[in-house]
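Thanks for making the time this morning. I would like to walk through one chain with you, beginning inside it and working outwards, and I will say where I think some caution is in order.

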Amino acid sequence: MELVNTILSGYVMPVLLMSCGVIFGAQVRFFYIFHPIRVTKVLLNGAKKGGVSPFRALSQALAGTLGVGNMTGVATAICAGGAGAIFWMWISALLAMSVKYFEVALSQQCRRRSDEGFYGGAMYYIKDIFSRYFPNAASLFGGIFAIFCIANSLLTGNIVQMNSAAAVFPSLSPVVLGVFCAAFVIPVVIGKGKRVSAVTMGLIPFLSALYVILSFLIIVPSAHRLPAVLSEIIRGAFSFKSVGGGVGGFLIMRAIRFGTTRGIFSNEAGSGTSPTAHAEANAKSPHSQGCFGIFEVFADTILLCTLTAFVILLSDGCALGYNGIALTLYAFSSQAGAFAGWLVGISVILFAYATVICQTRYAVVALRYVTKSRTAFFVYICAVALSCIFGTVINEDVMWQGADFCISLMTALNVLCLGVAAKQGRLRKIYDNGEDSDENK
């Protein structure tokens, strides 16, 4: 699997996502880069009365991305690809914004309505888009993605989260932590979707604000060292030093691979998961909710991942051999005191909990696309509980191999569908209609 992952996440995914990011971004004139004030106005005025608010849907989507991706993923990217991986994480995020905008807007356009409100996700727009070309197989394509989504919820959305949470306090029994988390996850996810969004709405803004404050307490006093950190990032992204161009090219490829793949893991742009949360929002238009998708990438990667990277690179943790969540915790505690390390550690556990319930909610929607069987739902909930426990003790390398493989397959199918939809003219139509409505306000 390692060879397959090297090909998929090391070559195919960076090229595929960056290419689509450029193509989609060009179709919407990269409005989110050149007109940030216009995007901000849409964010402030993009809700209708009643139902799930766009901000509440955003909080749920952020719950599925923030936390372990920002803390463990960034640390892993720096250790595996060097400081230059952060540069490619930034580039992938800027290009991923157009991909996220499109998949979120499509989820609004192709969603369904039930007695509980709106619901949808990538599997529904995959079915709608492919129905023009494969009317008899469109449901199957949506079903394949739904199965990937279910598997991803157990791997990336559960096992990876619990593994990082268990590493925070090694003295605490991992199995006890897994059982404890499962006991709090199950009652939330077996209820209606609004229960999940209510929990994430309470946790995510608070945890994000706390993390930003702790990061600034370290970064601001060390602001004079930031130029050196930025220089290290740029040199690492393009350096051809070492023993000639071959080695330099290999190091650059590692930086691109780990920067892009950990960027994907963090903000999940193109993977098709967060559209499930955004589909529930009572937004004024697909364009307006798509702008919330852009902000999701900004908050996740440009803001929080960058803060994590700066805190890590300002410390000596890499030189001392720390990796993963241990590196992030060391970076905070060594520069802001043990109390800061404890706060970040507790935040990791709470972020992981929020991600588990959010990703489980995504999988429940995907499962209902495949089958309405109560037995299947019961089996899946049992698998979630077991994954909470299993994730705390699994080997880290095996875990990341499985997570990278699953999210790469999801992303490939979803981005292929987005490409077909763009060729149909859906992206430009969503953007033009949204721009027209904004100008007529």
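Glu 296 has a relative accessible area of 0%, and is therefore buried. I should say at once that what you are looking at is a predicted model, and that every value I quote is computed from it. The partner of Glu 296 is Lys 100, and their side chains meet in a salt bridge with an N to O distance of 3.1 Å. Lys 100 likewise counts as buried, because its relative accessibility is 0%. As for where the two sit, Lys 100 belongs to helix H6, residues 84-109, while Glu 296 belongs to helix H14, residues 286-313, so that the pair links distant parts of the chain, 196 residues apart.

How many salt bridges does the chain have in total? The count comes to four, and I will take you through two more of them.

The next one joins Glu 280 to Arg 361, with 3.4 Å between the closest N and O atoms. This pair, too, links distant parts of the chain, since Glu 280 lies in the loop between helix H13 (275-278) and H14, whereas Arg 361 lies in helix H16, residues 338-370, and the two are 81 residues apart. Are these two side chains buried or exposed? Glu 280 has a relative accessibility of 8% and Arg 361 one of 9%; the cut-off for buried is under 20%, so Glu 280 counts as buried, and so does Arg 361.

The third pair is Asp 432 with Arg 428, whose closest N and O atoms are 3.3 Å apart. Both residues are in helix H19, residues 426-439, and because they are four residues apart there, about one helical turn separates them. Here the surroundings read as follows: Asp 432 is partly exposed at a relative accessible area of 28%, and Arg 428 is partly exposed at 31%.

Let me return to helix H16, which carries Arg 361. Of its 33 residues, 24 are buried, so the rest of the structure largely encloses this helix. Its geometry can be checked as well: at 1.5 Å a residue the helix should span 48 Å, and the C-alpha atoms at its ends are indeed 48 Å apart, so the two values agree.

Another residue worth pausing on is Asn 152, which is found in helix H8. With a relative accessible area of 0%, Asn 152 is buried. Leaving out residues up to four places away in sequence, Asn 152 touches Gly 157, Thr 273, Gln 359, Cys 406, Ile 407 and Met 410.

Helix H8, which runs over residues 138-168, also holds Ala 166. Ala 166 counts as buried, given its relative accessibility of 11%. Its contacts, once neighbours within four places in sequence are set aside, are Pro 174, Leu 177 and Thr 392. From Ala 166 to Val 176 there are ten residues in sequence, and the distance in space, C-alpha to C-alpha, is 9.7 Å.

That brings us to the surface, where Val 175, Val 179, Phe 390 and Val 393 form a nonpolar patch, with about 340 Å² of accessible area together. Val 175 is placed in helix H9, residues 174-189, and at 40% relative accessibility it counts as partly exposed.

Stepping back to the whole chain, there are 19 helices and two strands, and 58% of the 441 residues are buried. Among contacts with a separation of 6 or more, 84% are between residues 24 or more positions apart. The accessible surface comes to about 17,400 Å², and carbon and sulfur atoms account for 68% of that.

Finally, the caution I promised. The chain averages a pLDDT of 83, and 87% of the residues score at least 70. Which element has the lowest mean pLDDT, and which the highest? The lowest is helix H12, residues 245-267, with a mean of 46, and the highest is helix H7, residues 122-130, with a mean of 94. Over residues 241-257 the pLDDT stays under 50, and for that stretch the model has 28 contacts beyond four places in sequence.

Methods. Residues are numbered from 1 along each chain as its sequence is written. This is a predicted model: local features need pLDDT of at least 70, side-chain atom pairs count only at pLDDT 80 or more; totals for chains, interfaces and linings use all residues. Side-chain values use heavy atoms; hydrogens and water are left out. pLDDT is the predictor's confidence in each residue, from 0 to 100. Contact means heavy atoms within 4.5 Å. Buried means under 20% relative accessible area, exposed over 50%, partly exposed in between (1.4 Å probe, protein chains only). The expected span of a helix is 1.5 Å times one less than its number of residues. Patches are made of residues with over 30% relative accessible area and no salt bridge: like charges are joined within 9 Å, nonpolar side chains (Val, Leu, Ile, Met, Phe, Trp, Tyr) within 5 Å. Accessible areas come from the Shrake-Rupley method with a 1.4 Å probe; for residues, only the protein chains shown count as cover.
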